Amino acid sequence: MAVTKILARKGRLDVGIRYVLNGDKTEDQILTAHLNCDPGRECRQMLDTKRAYGKEDGVMYYHIIQSFKPGEVTPEQALEIATEFAKEHLPGYETVIGVHVDREHIHAHLVFNSVNADTGEKYHSNAQSYYQQIRATSDRLCREHGLSVIMEGSSGRAVSYIEWLRQSKGQPTFRSMLEADLRTAIQDANDLGHFFMLMEHKGWEISHGNRLGFRLRGQDRFMYPGRKKPLFTEEGIRAAIQSGLEDIEAGRRPAMIYRAPYHPYKKHPKYTGIMALYVHYLYVLGKIGQRRYPPRMTPQFRQEVMKADRYREQFDFLRENNIATQGDAAALQARTEETLATLMKQRTILNVRKKKRRKLYAALADVEALAPAKALYEDGLSGMETEFARYMEAVATLEGCTIPRERLTAEKAEIYEQVAEVNRQIRSERKKLALCRDILDRLPQMEQDIKKIEAKDEVIHDDSRRR
């Protein structure tokens with residue numbers, strides 16, 4: 001099998017080419033190949049292609065990596081597979097191929113020009129093209145050469161090569177341990193605050209931001225499991241705790257269910273002020289998107305069409321908050337800033353309360369997380385001295401506290417729940433504030449754009465009447 005990855009690069013072409021053709025990694029460039037370009041002139045030819053089509057900016061080249069399972073492929077076979085892949089997937093693209101044998105696993109590198117030498121089109125990479133073209137072609141070629149292929153998994157379950165390698169050997173990974181602890185904590189938790197406390201007691205540090213992050217004490221980076229699995233987002237965890245994990249995992253219901261609020265029927269209103277301007281602007285952008293009005297679309301209006309979804313979101317925001325004038329928007333912005341300041345103060349107060357109890361809360365987490373290490377130490381296993389000392393120190397801290405452990409645990413869960421709720425409200429108010437500011441900043445430009453479009457439309461109608 002081969003694990004594939006594609007990288008877009010805006011740096012210097014010669015740097016990427018030199019890396020692929022490195023003689024120390026490719027057995028003095030024996031394990032190299034060229035497609036649609038000549039050895040020694042690769043960089044010059046790629047740059048000439050860009051200049052010929054006037055596409056010298058943006059992504060300079062793409063870099064595809066094929067990593068093969070250790071012991072399953074020879075260097076010559078890897079070069080053959082990579083060359084066949086380039087001929088099939090990259091016709092017309094100037095490509096440099098090198099198979100590196102400086103590590104335990106053999107891996108092929110393909111660097112190719114972002115501009116097609118035959119058609120002048122730029123290569124575009126996204127998740128769909130990766131899984132339907134790059135991954136599919138690579139897997140088929142591996143099967144044709146008698147290599148194994150990853151038979152299960154999807155774009156939402158893709159893992160790195162190192163992680164896959166550990167899983168294939170039956171070794172646990174940090175991600176698999178995190179997901180196991182997340183599932184256990186979701187099953188045992190009464191609410192979100194209790195869930196956070198349980199995860200901390202299992203030894204995980206928690207990052208509350210736009211995404212929910214976790215890392216073991218001693219790790220450098222946080223992991224964000226919600227990126228690939230909606231179940232492990234804050235909303236997914238809250239829903240799973242409230243309605244049960246089993247139904248979500250079995251696919252009987254999604255992790256998050258959106259229910260539109262009930263609104264009684266109202267006659268369609270006649271919009272005025274800012275909302276009327278947005279309705280007119282969205283109408284114009286819709287016509288531009290259909291390439292009917294105006295006949296010639298300037299680059300500026302092409303960019304505005306691409307932002308149409310954002311304008312629709314802003315219009316819905318104006319309608320929900322009944323904003324008709326700039327004064328209404330400014331008043332809502334002022335109220336939102338006051339609400340946000342109040343929420344920030346509330347969070348500061350909660351964080352101060354957490355800081356005062358930090359030593360006790362850390363002791364609670366250490367007692368829970370280090371209980372297995374304490375049992376191993378008492379059974380005579382060496383190497384557990386540091387963990388046992390931390391455990392005993394935490395026990396001594398809790399015993400010296402006048403607050404019963406059950407009450408302290410409940411208090412900790414309650415504070416964590418309150419912090420999570422305040423953070424959610426802060427994110428919501430910040431989004432509202434950003435929308436207010438964006439609307440107020442965009443209004444003058446929108447009015448100018450509409451005047452330009454209407455003036456051009458008048459010219460077109462005058463020309464048609466003269467004819």
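This is a short tutorial dialogue on reading loops and helices in a predicted model.

Me: What should I know about this model before I start?
Reply: Residues are numbered from 1 along each chain as its sequence is written, and side-chain values use heavy atoms, with hydrogens and water left out. The model is predicted, so local features need pLDDT of at least 70 and side-chain atom pairs count only at pLDDT 80 or more, while totals for chains, interfaces and linings use all residues.

Me: What is the sign of phi at Asn36?
Reply: Most residues other than glycine have a negative phi. Asn36, though not a glycine, has a positive phi near 65 degrees. Asn36 sits in the loop between strand E2 (32–35) and helix H2 (42–53); helices (H or I, at least four residues) and strands (E, at least two) are DSSP runs, numbered from the N terminus.

Me: Is Asn322 buried or exposed?
Reply: Buried means under 20% relative accessible area, exposed over 50%, and partly exposed in between (1.4 Å probe, protein chains only). Asn322 counts as exposed because its relative accessibility is 59%, whereas Asn36, at 43%, counts as partly exposed. Asn322 lies in the loop between helix H12 (308–320) and helix H13 (326–356).

Me: What span should helix H6 have?
Reply: The expected span of a helix is 1.5 Å times one less than its number of residues. The 15 residues of H6 (residues 174–188) should therefore span 21 Å, and its end C-alpha atoms are indeed 21 Å apart.

Me: Which residues of H6 are buried?
Reply: They are Leu178, Glu179, Leu182, Ala185 and Ile186. Seen down the axis of H6, these buried residues fall within an arc of 130 degrees, so they line one face of the helix; the arc is that of the directions from the helix axis to the C-beta atoms.
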